[in-house]
Amino acid sequence: MTIIFTRKIFIIILILVFTTVIFIWARSSSEVEHGSKKLDTLIIGIGRDFYDGPDSRTYLHGSTNTWESLVYLDENLRAMPWLAESWESQDGYRTWIFYLRKGILFHDGTIMTAPDVVANLERMRRYSRLDLTGIFRNVSSVEAMGENKVIIHLKAASPAFPNHLAYYSSPVLKPSGFDEEGRIKYFSATGPFCLDKVQKGQAIELSSFANYWQDKPAFKKVVFKTILDAKARAMALAAGEIDAIADVGGILPEQADEIRALPNVILKIQEVATTHYLLFNAKRPLFSDSNSRLWVSGLIDRNLLVQSLVGKAGKIANDPYSPLASDWASGCLDFKAGQKPKLFAYDIVILLNSGSIQRWPYLEIAQVIQAKFQIEGFNSRIEVKEMGAWQQTLKSDSWDLALQPNTLMTGDPDFFFSYYLMSNGTNNFGYKKLEMDHLISEARTEGNLHRRQMLYRKICEKINHDLPILPLYHDISLYSHRDHLAYFEMDQNFRVRLDLARPKEIR
């Protein structure tokens, strides 16, 4: 009996030891696999789709770090070199010469040359759907001189032209990827990451470009995962399903404390060049009158609105555009309250984009405005529409107010003024003033910095008087990442520096 008992004990001990070894091995293997995944792949959650499609300027959003442009912006929204290493102007700002960096490769291994850049600029000039702010309407011709010099001739002087070409205004893609209509049939560019796979509405998968002209990225793979619901994004970060949330509006203001309290998670802020606006449809009876628009500005109390709904994720807009543009910010907005207009029989329609309300407190802002209207005796309703329907509605006359963000992508005020306030502006909704058109046109061609600043102050005075659009607040974006990342930063254009992102070393 003693021998049998001893054998049983021995067998049990062997089984326990074997099980323990297997458990430890499995756990160790799992940790090594998990750790190698963290060293190898970066997964970023975003609240929209970064796939822009073949009819767009760039196919993918700039935050993917897949494509680059001639010019980018520094933290003060001044033009800085990117694919162009320098530039100069001639003929009173009517001719601009851009000198390209040498030896830059496209993802297919071919060298980027001046003719490639010319083909990209001509594509922007030829197809107006790509030139949303009309920058290329001022371009008369583009030519290549040798392999590394591009000359751009303008119809009228443009002292800020390098700024006008920043970021989305001069993307450089492989020209053989364009079809006869300027569509992008296949994507190849020069950025630190190459496109592997697009799952529309779900994810974009990238891999590092071994021959990138700057330092090779630390991560071999990057995945941008589309998570439309704000709560779902936060839950995915908490569960470790994603490594970061990084995009303008990626984290709602009311989520800040929740994210900050998560273990192994770091919450960060970055002031970005985005401003949030209340748009008026001046084609409609109520807001065709500047007095009615000024009345709304006094009705909603922007200071209280920002304090209560936005908090530290924004600051009151005292300029029409981002104050990061330090050459042009002057704190010039100073609206005078208008008189209450006569009551209208129809409902005031407040239009919202369904995607925006998961990235900013637009629904809450709209509800505050609606409540204010109700107190004053005006009937109103909030209409939330998907992107396509929202865009179509904006083009129609069936709305009165809308909330919209806009980013000063060029760092130059003309980008904002020409887009919203010029009579032929892409986002002009019925505000047409000849005096405003003349001021914008004059400022665009003025080469003296001081005189140009004075012209923009005059434009701001017109905004104060006419209020064609109401700037609400400037965005201070919340973004977050898990603490296994040693470096993870987002810039003023909410573009993560994926070329510099890196994990902590596993010891």
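User: In this predicted model, what makes us say that helix 2 lies across strand 8, strand 9 and strand 10?

Analyst: Contact does. Here contact means heavy atoms within 4.5 Å. Helix 2 (residues 114-126) lies across strand 8 (95-100), strand 9 and strand 10. Helix 2 runs at about 165 degrees to strand 9.

User: How do you know that strand 9 and strand 10 pair?

Analyst: Two strands pair if DSSP finds at least two bridges between them. Strand 9 and strand 10 (residues 149-154) have six bridges, so they pass that test. Their sense is antiparallel. One bridge partner to look up is Ile151 in strand 10, which partners Glu143.

User: Why is one side of strand 7 and of strand 9 left without a neighbour in the sheet?

Analyst: Start with the order. This open sheet has four strands, ordered 7-8-10-9, with antiparallel pairing. Strand 7 (84-90) and strand 9 (139-145) stand at the edges. Each has a single partner strand, so one side of each lacks a neighbour in the sheet. From one strand to the next, the twist averages 20 degrees.

User: What makes strand 20 largely enclosed?

Analyst: Burial. Buried means under 20% relative accessible area. In strand 20 (residues 401-407), six of the seven residues are buried, so the rest of the structure largely encloses this strand.

User: Which strands pair with strand 20, and how do you know?

Analyst: Count the bridges; the cut-off is at least two. Strand 16 (residues 265-280) is joined to strand 20 by seven bridges, running antiparallel. There, Leu278 has Leu403 of strand 20 as its bridge partner. Strand 18 (residues 348-353) is joined to strand 20 by two bridges, running parallel. Leu351 has Ala402 of strand 20 as its bridge partner.

User: Which residues have the most contacts inside the largest nonpolar core?

Analyst: They are Leu70, Ile152, Leu278, Phe373 and Phe488, in a core of 148 residues. Strand 16 gives the most to this core, with eight residues. Leu70 touches several residues farther than four places away in sequence, including Trp82, Leu100, Val117 and Leu165. In soluble globular proteins, nonpolar side chains tend to be buried together.

User: How do you know that the buried residues of helix 7 line one face?

Analyst: Name them first. In helix 7 (residues 302-310), the buried residues are Arg302, Leu305, Val306 and Val310. Seen down the helix axis, they fall within an arc of 95 degrees, so they line one face of helix 7. Helix 6 (290-300), strand 17 (314-316), helix 8 (362-375) and strand 21 (469-482) are among what covers them.

User: What follows helix 7?

Analyst: Gly311 does, and its phi is positive, near 60 degrees.

Conventions: Residues are numbered from 1 along each chain as its sequence is written. This is a predicted model: local features need pLDDT of at least 70, side-chain atom pairs count only at pLDDT 80 or more; totals for chains, interfaces and linings use all residues. Side-chain values use heavy atoms; hydrogens and water are left out. Buried means under 20% relative accessible area, exposed over 50%, partly exposed in between (1.4 Å probe, protein chains only). A nonpolar core is a set of buried Ala, Val, Leu, Ile, Met, Phe, Trp, Tyr and Cys residues joined through side-chain atoms within 4.5 Å. Axes are lines fitted to C-alpha atoms, for helices over the stretch in contact, and angles run from 0 to 180 degrees between N-to-C directions. The arc is that of the directions from the helix axis to the C-beta atoms.
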